[in-house]
Amino acid sequence: MDFAAPEISLVNADLTGLPPTTVHYGEYETLADDGAQLARRLADFKVTSELHPLPEGQHSFVPGAGRVPEVDQAIQRMGQWLRRHLDT
C-alpha cells in the first residue's frame, strides 16, 4: 500500500476547488508535520484556510473537552470558524 497516494494522504492530493478549510492538529501528533504541510498546500492551491496547531496536543485531543482548557479553546475556535463560513 502506498501511504503517499493522494487517495490516502490529502497532503499529496489535488486540492483544487476545495471549500474553505481549517486544519487543527496536536503538536505532539505523530503526523503533525502533515498538518502543517497540508496548510501550506491549501495556500498553494489558493484555498481559504486557517492553521491551528494545539501546543502539546495529542492525535485525538477533542476527547479532552471539559477537562483541558486548551482543548476547550480549540473547540471554540472550530465553532467560530464554522459560524463564519456557514453563515450566509
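The exercises below work through a predicted model of one protein, each with its solution.

**Exercise 1. Describe the overall make-up of the protein: which elements it has and in what order they run.**

Step 1. Count the elements. The protein has 2 helices and 2 strands.

Step 2. Put them in order. Starting at the N terminus, the elements follow the pattern β-α-β-α.

Step 3. Give the dimensions. Along the principal axes, the C-alpha atoms fill a box of roughly 40 × 35 × 20 Å.

**Exercise 2. State what share of the residues is buried and what kind of atoms supply the exposed area.**

Step 1. Take the burial. The protein has 88 residues, and buried residues make up 30% of them.

Step 2. Take the surface. About 6100 Å² is exposed, and carbon and sulfur atoms supply 55% of this area.

Step 3. Turn to the contacts. Among contacts with a separation of 6 or more, 61% are between residues 24 or more positions apart.

**Exercise 3. Find the salt bridge and say which parts of the chain it ties together.**

Step 1. Count. There is 1 salt bridge in the model.

Step 2. Name the partners. Arg84 pairs with Glu50, and their closest N and O atoms are 2.5 Å apart. The cut-off for such a pair is 4 Å, so the distance of 2.5 Å qualifies.

Step 3. Place the partners. Arg84 belongs to helix H2 (residues 69-86) and Glu50 to strand E2 (residues 49-54), so the salt bridge ties together parts that are 34 residues apart in sequence.

Step 4. Check the exposure. A residue is partly exposed when its relative accessible area lies between the limits of 20% and 50%. Arg84 has 49%, so it is partly exposed. Glu50 has 27%, so it is partly exposed as well.

**Exercise 4. Decide whether Thr21 is buried or exposed, and list its contacts beyond four places in sequence.**

Step 1. Locate the residue. Thr21 is part of strand E1.

Step 2. Apply the cut-off. Buried means under 20% relative accessible area. Thr21 has 18%, so it is buried.

Step 3. List the contacts. With neighbours within four places in sequence left aside, Thr21 touches Leu42, Val47, Thr48, Ser49, Glu50 and Trp81. Glu50 in this list is also the salt-bridge partner of Arg84.

**Exercise 5. Describe the surroundings of Val62 and its distance from Arg84.**

Step 1. Locate the residue. Val62 sits in the loop between E2 and H2.

Step 2. Classify its exposure. Val62 has a relative accessibility of 42% and counts as partly exposed.

Step 3. List the contacts. Not counting residues up to four places away in sequence, Val62 is in contact with Val71, Ile75 and Met78.

Step 4. Compare with Arg84. The C-alpha atoms of Val62 and Arg84 are 21 Å apart in space, and the two residues are 22 apart in sequence.

**Exercise 6. Examine Lys46 and Glu56, giving the phi angle and place of each.**

Step 1. Recall the usual case. Most residues other than glycine have a negative phi.

Step 2. Take Lys46. This residue is not a glycine, yet its phi is positive, about 60°. Lys46 is placed in the loop between H1 and E2. Its relative accessibility of 72% makes Lys46 exposed.

Step 3. Take Glu56. Its phi is also positive, about 65°, although Glu56 is not a glycine. The loop between E2 and H2 holds Glu56. With a relative accessible area of 57%, Glu56 is exposed.

**Exercise 7. Describe the largest pocket and the second largest pocket by volume and lining.**

Step 1. Take the volume of the largest pocket. It holds about 270 Å³ of space.

Step 2. Take its lining. The largest pocket is lined by 13 residues, and those nearest its centre are Tyr25, Glu29, Leu31, Asp34 and Gly35. Strand E1 (21-26) and helix H1 (32-44) are the elements that give two or more residues to this lining. The largest share, 4 residues, comes from E1.

Step 3. Sort the lining by type. In the largest pocket, 6 residues are nonpolar, 5 polar and 2 charged.

Step 4. Turn to the second largest pocket. About 150 Å³ of space lies in it. Its lining includes Leu54, Glu56, Phe61 and Val71. The lining of the second largest pocket divides into 5 nonpolar, 3 polar and 2 charged residues.

Note on methods:
Residues are numbered from 1 along each chain as its sequence is written. This is a predicted model: local features need pLDDT of at least 70, side-chain atom pairs count only at pLDDT 80 or more; totals for chains, interfaces and linings use all residues. Side-chain values use heavy atoms; hydrogens and water are left out. On a 1 Å grid over the protein atoms alone, a cavity is a set of points where a 1.4 Å probe fits but cannot get out, and a pocket is an open set with protein on both sides within 12 Å along at least five of seven lines; lining residues have an atom within 4 Å of a point. Grid points are joined across faces, edges and corners, and a volume is the space filled by probe spheres set on the points. Ala, Val, Leu, Ile, Met, Phe, Trp, Tyr, Cys and Pro count as nonpolar, Asp, Glu, Lys and Arg as charged, and the others, Gly among them, as polar. Buried means under 20% relative accessible area, exposed over 50%, partly exposed in between (1.4 Å probe, protein chains only). Contact means heavy atoms within 4.5 Å. Accessible areas come from the Shrake-Rupley method with a 1.4 Å probe; for residues, only the protein chains shown count as cover. A salt bridge is a side-chain nitrogen of Lys or Arg within 4 Å of a carboxyl oxygen of Asp or Glu.
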